[in-house]
Amino acid sequence: MATTSHHENPRNSTKKKKTQKNPEANFLYELNSCSKSKDIKSAISLYDSAISNKTRLNQHHFNSLLYLCSTFSTDPEFKDLALTYGFRVFDHMMALNINPNEASITAIARLAAAKGDGDYAFEMVKKSGDYGVLPRLRTYEPALLCFCQKLEAEKAFEVEEEINKMGLSLEEPQIAALLKLSADTGRADRVYNYLQKLRSSVRWVSEETAKVLEDWFCSKGSELGSERAKYEVGFVKEAVLRNGGGWHGLGWIGEGKWVVRKGNVKPNGRCCCCGEQLSCVDIDDAETEKFAQSVAGLALEREVKANFREFQDWLEENADFEAIVDGANIGLYQQNFAEGGFSLLQLDAVIKEMYTRSGNKWPLVILHNKRVRALLENPSCRELVEEWMNNGVLYTTPQGSNDDCYWLYAAVKLRCMLVTNDEMRDHIFELLGSSFFLKWKERHQVCMSEI
C-alpha cells in the first residue's frame, strides 16, 4: 500500500475549511464588489445565476441589489434596466417573507420616484411601521422631491407634515424644493414660510438654491400689492428684535417690485450693493430660553444644586452685563512657555477693553474660587483682584464646580458676548446637541485674537 512521506498538518486543513465560503457568502462578497465598482450589469448577472443555482438569499443580498438599482435609476443609459430589476428584486424579497429595513424602503422609494410614482414611494414610507422600521429624512425625500417636480403641491405638503410628525428637520435640498414648488404654484405665504426655514437652518445657500430665490423675487408673483398689511415702523423694529434680528415674522409687507442684485458683503457687515448695514441675526427669544434651560438642566445634574441655583438667583439680580469673560481661559491664553502661567495682566487688559467697547459697562468675569484665593494671597495681584471685586466684575465659582457651566449659562441667559478661546468640544458641550449649539456659538463667541 502506498503511503505519503509527508502528512498534512491538521491546522492547515482547518484553515482551508474556514476560508472556503458557502454559496451565500460568495454571492454577497461578489455583490459587494459590484457595488464598490458600480457595476450593475455584473450584479444582475450574479442575481440571475443565484436564482438558477437556488442560492438562499437574505436581506443583505437584496439590499445590495436594491442599492445598486436605485443608484442607476436616474442614469439614462441604465434606467430601464435598473427599474425593471429593482422592482423584481423587491417583489422577490417580499415573496420570501423577508421584511425590508430602512435601507430597503429608501431604495424602493427612490426607484418609485425615478419612475415618477411619488404615490408608491410615499405609500412605502407609510408602511414602514408595519415592519418596525423608523424612517429617516432620506426615506421621505424621494416622494417629496417627486411631488415637487410634478407640481403636486398638496401631496408634497402632506409628506412634509409626516416628516414634522416624526420629529425630523428639513435640510436645504428639501426646503429649496418646497420653496420652488410654492413659487411655481403661486403660494406666496408658503414661500415666506420656507424662506424663514431656510434662514434659520441653513448657514449659506448653494448656487442652485440661490437661483430658486432669485427666480422668485424676479417673478410677477412676488410683487406686493397695496392690499398687503401695513405696520408702524416701530412695531416692525420691535418684532425684528423679538425674533433675534434679521426678520420680523409679520409676513409680506410693503408694496411694489423687489430689487434683485448680486453683490458682496464687507467684513464689517455692510452691503456693497445698497450700502446698508446688515443686521446680526441672533437666535429668537423662545429658542434662547429653551437653550438656557437645557444648559441649566445639564449643570444641575453635574453640579451641587444649591451652588448653581444660588448663581441663577444672583444672575437674575445682576442681569445688565453685556459680555461674559471665561477668566481662566483668557488668563492662560498662550502661556505655555517655561516662565508662563496665569497672566493677571492679560485678563485685566481684556476686561478693560470690553469695558471701553461697551460704553463703560463692566463685563462679568467667571473664575474658580481656588484661583481667586491664590491671587488674593499674592501681594502683587491682590490690589487688582480687589479692584475687580469692588467694580462687581468678578463671580467666583465654588469648590468642586465646573466653571464652564457657569460662564456658558450666563452668556446664554443674558444673550451676551462670550469671550473665550475654548473650542467647546468637551463632553459637556456635546450633550447640548451640535446643530443649535454651533449656531449660538457662531453668533456669540469672541476669541482673544478678535479683541
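This passage describes the sheet, the helices that pack on it and the salt bridges of a predicted model.

Local features were taken only where pLDDT is at least 70, and side-chain atom pairs only at pLDDT 80 or more, while totals for chains, interfaces and linings use all residues. Residues are numbered from 1 along each chain as its sequence is written, and side-chain values use heavy atoms, with hydrogens and water left out.

A good place to begin is the sheet. Five strands (DSSP E runs of at least two residues, numbered from the N terminus) form an open sheet in the order 3-2-1-4-5, with parallel pairing; two strands count as paired if DSSP finds at least two bridges between them. Strand 3 (394–397) and strand 5 (445–446) stand at the edges with a single partner strand each, so one side of each has no neighbour in the sheet. Strand 2 (residues 364–368) is joined to strand 3 by four bridges, and V365 stands opposite L394 of strand 3. Helix 18 (residues 369–377; helices are DSSP H or I runs of at least four residues) packs on the sheet and touches strand 2 and strand 3, its direction making about 90° with that of strand 2. Contact here means heavy atoms within 4.5 Å, and angles run from 0 to 180 degrees between the N-to-C directions of axes fitted to C-alpha atoms, for helices over the stretch in contact. Helix 20 (residues 403–413) lies across strand 1, strand 2, strand 3 and strand 4, at about 165° to strand 2.

Strand 1 (residues 323–326) pairs with strand 2 over three bridges, and three bridges also join strand 1 to strand 4 (residues 417–419). I324 stands opposite L364 in strand 2 and has L418 as its bridge partner in strand 4. A323 and V325 point one way from strand 1, I324 and D326 the other, and all are buried (under 20% relative accessible area; exposed is over 50% and partly exposed in between, with a 1.4 Å probe and protein chains only).

Turning to charged pairs, the structure holds 19 salt bridges, each a side-chain nitrogen of Lys or Arg within 4 Å of a carboxyl oxygen of Asp or Glu. One of them joins R187 to E154, with the closest N and O atoms 3.0 Å apart. R187 lies in the loop between helix 10 and helix 11 and E154 in helix 9, so the pair ties together parts 33 residues apart in sequence. R187 is partly exposed at 26%, whereas E154 is exposed at 53%.
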